[in-house]
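Visitor: Please take me through one part of this protein at close range. I would like to look at one sheet, strand by strand, and then at the charged pairs elsewhere in the chain.

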Amino acid sequence: MNLIEKLPSDVLTVRGWGFVLSAVVALLSAQVLGRRDLLYVGILLLALPLASVIVLRLVKPRFTVGRRFQPQTMEIGSTTTVTLSLTASVAGGASIAMEEQLPARFGQAPRFSYPSRNPTRDGVSLYEYRIRSASRGVYEIGPVTAEFTDPFGLARSRHVLGTADPLVVTPAPVELLVSALAGSRGNDGMAATRRQANPSDDDVMTREYRHGDSLRRVHWAATARHSELMVRQEESVTTPQATLLLDQRHHSFSTGFGAVFGGDGSADNGLSTSPTFEWAVTAAMSISAHLLERGYALRFLDQQGVPALLHSPSAPFPSEEEHHGQGAIEGIAEGLAALELAPEAGHRSHGHTDHAGSTAVQAGEAARSGMRRVRRRAAEAPAKGPHTRALHAAFGDHLLDRLAATGHRGPLIAVLGLITAEDARALASASDYGSPAYAILVTDRPAESQPQLDILREAGWHATAASPSARLPVVWAGLEHAVGRASAHASSSAGSTPRGRSAHGAVPGGRE
């Protein structure tokens, strides 16, 4: 029996190999004893496994495989329920052992048998299982592998059913305390602007009368001109804007122990990333959600001044830089799911082995190929846009031009890696385009970034450094006081602020 179990089991089962060995013994006995009946028995025992193998190879199983995720995208640390549906083209048959193929990070692959115990009236077998992930990315879920046997249980054949479906795992935003970044605006992100109407701008500052309007607002000159009751439009509501910069350069976030990691230190998500970059991505996700939930229109750029999600294969609309509304949070989350460090000429990561890099690249290509099938139109969009014509210098004139287009229309927040003193000097003047300007430098050794922080603070930035182990809400809450002497003096000389605020303003996260 031990000899049979050592024989290859991908073609014949233990029973099948037993038939083959019995056939060999019968044929040898027929040859030695001259018994024709043993010859017939040996041929029959040998023909049955052979016929079973041929039938399984010729008859291809036909199954319809469906897969649904609930929710469709999954945040880091949360779970999603996968519902798998299987339908055979021909009903009936023996029980079939099946297995769902999953990436290694999701644990043991679920196994089940077809048909299920309680199939639907249409003959559809439904199966459910839950998975969770500790790092972001786009993962291939599936396909299903099935092991078929013949009615006698002699031969075995494996087939792949259906295709894999991509599962998007997004970074989970960290809740930040209510921010005072809006300045004089309320926490809802809206600002009321009062305008006085006069006879010279009737067409601009008036509108038709609506039920419920006060008669005190009737503009009689405009009413006479338009022959209908017109009222003054004294207030308009404007939407505040904010700009978020995310540094994506490889050398800014690479570490001494390699740069191809997932958030938990493994490489099976296939993204070129590092612990510091993962912290920066979480910060960008959290700040984006924090601002968008409060009514801000968010401009999301990278260090070159192009849309931050332009090169993300998971972004629904990669060429968009303006985001507003509740739906924008989901769009940014999906775009950040597969965002990775951008390789740069002249910079190489240290401590990164060729074997690890090859494994990560192969895993990344497999993950991204699934996303491209789903978002092919979105992946082609950047190639047609104006942002792909040329590469721009980091924190250069192109970025400043993009920031100048918005002027002082809200806060400027930069999430950076370990920038150089030259980068800090190039970025220093950008504080003129934010009201105010905040910078977070993410590095393994925050003390080494003090010269860069001094350059930014002297230019008016509220700048601080944080390590990957730092708590984002604490870093966010302390940003307002991370300002240089020149800016602190300017704030104190500006006089008292409304509602009894201090000269430094309210701490982001503080309550009025």
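Guide: The sheet comes first, then the salt bridges, then the whole chain. This is a predicted model, in which local features need pLDDT of at least 70, side-chain atom pairs count only at pLDDT 80 or more, and totals for chains, interfaces and linings use all residues. Residues are numbered from 1 along each chain as its sequence is written, and side-chain values use heavy atoms, with hydrogens and water left out.

Start with the sheet. It is open and has 3 strands, in the order S1-S3-S6, with antiparallel pairing. Strands here are DSSP runs of E with at least two residues, and helices are runs of H or I with at least four; both are numbered from the N terminus. Two strands count as paired if DSSP finds at least two bridges between them. Strand S1 (63-70) and strand S6 (125-132) are the edges, each pairing on one side only. On average, neighbouring strands of this sheet are turned by 20 degrees against each other, direction ignored. That angle is taken between lines fitted to C-alpha atoms; angles run from 0 to 180 degrees between N-to-C directions. Strands of a sheet pair through backbone hydrogen bonds, either parallel or antiparallel.

Now take the two pairings in turn. S1 and strand S3 (residues 79-88) run antiparallel and are joined by 8 bridges. Phe 69 has Val 82 in S3 as its bridge partner. S3 and S6 also pair in the antiparallel sense, over 8 bridges. There, Leu 84 stands opposite Tyr 127 in S6.

Stay on S6 for its two faces. Ser 125, Tyr 127, Tyr 129 and Ile 131 form the covered face. Leu 126, Glu 128, Arg 130 and Arg 132 form the uncovered one.

Next, the charged pairs. The structure holds 14 salt bridges. Each is a side-chain nitrogen of Lys or Arg within 4 Å of a carboxyl oxygen of Asp or Glu. One of them joins Arg 249 to Asp 423, with the closest N and O atoms 3.1 Å apart. This pair links distant parts of the chain, 174 residues apart. Arg 249 sits in the loop between strand S15 (241-246) and helix H6 (250-253), while Asp 423 lies in helix H12 (residues 421-428). Arg 249 is buried, at 3% relative accessible area. Asp 423 is buried as well, at 11%. Buried means under 20% relative accessible area, exposed over 50%, and partly exposed in between (1.4 Å probe, protein chains only).

Another salt bridge joins Glu 322 and Arg 299, whose closest N and O atoms are 2.9 Å apart. Glu 322 is in strand S17 (residues 322-323) and Arg 299 in strand S16 (residues 297-302), 23 residues apart. Glu 322 is partly exposed, at 29% relative accessible area, whereas Arg 299 is buried, at 9%. Salt bridges link Arg 299, Glu 321, Glu 322 and Arg 402 in a network.

Arg 294 pairs with Glu 293, the closest N and O atoms being 3.8 Å apart. Arg 294 is buried, at 18% relative accessible area.

Finally, step back. The protein has 15 helices and 20 strands. Of its 512 residues, 46% are buried. Among contacts (heavy atoms within 4.5 Å) between residues at least 6 apart in sequence, 71% join residues at least 24 apart.
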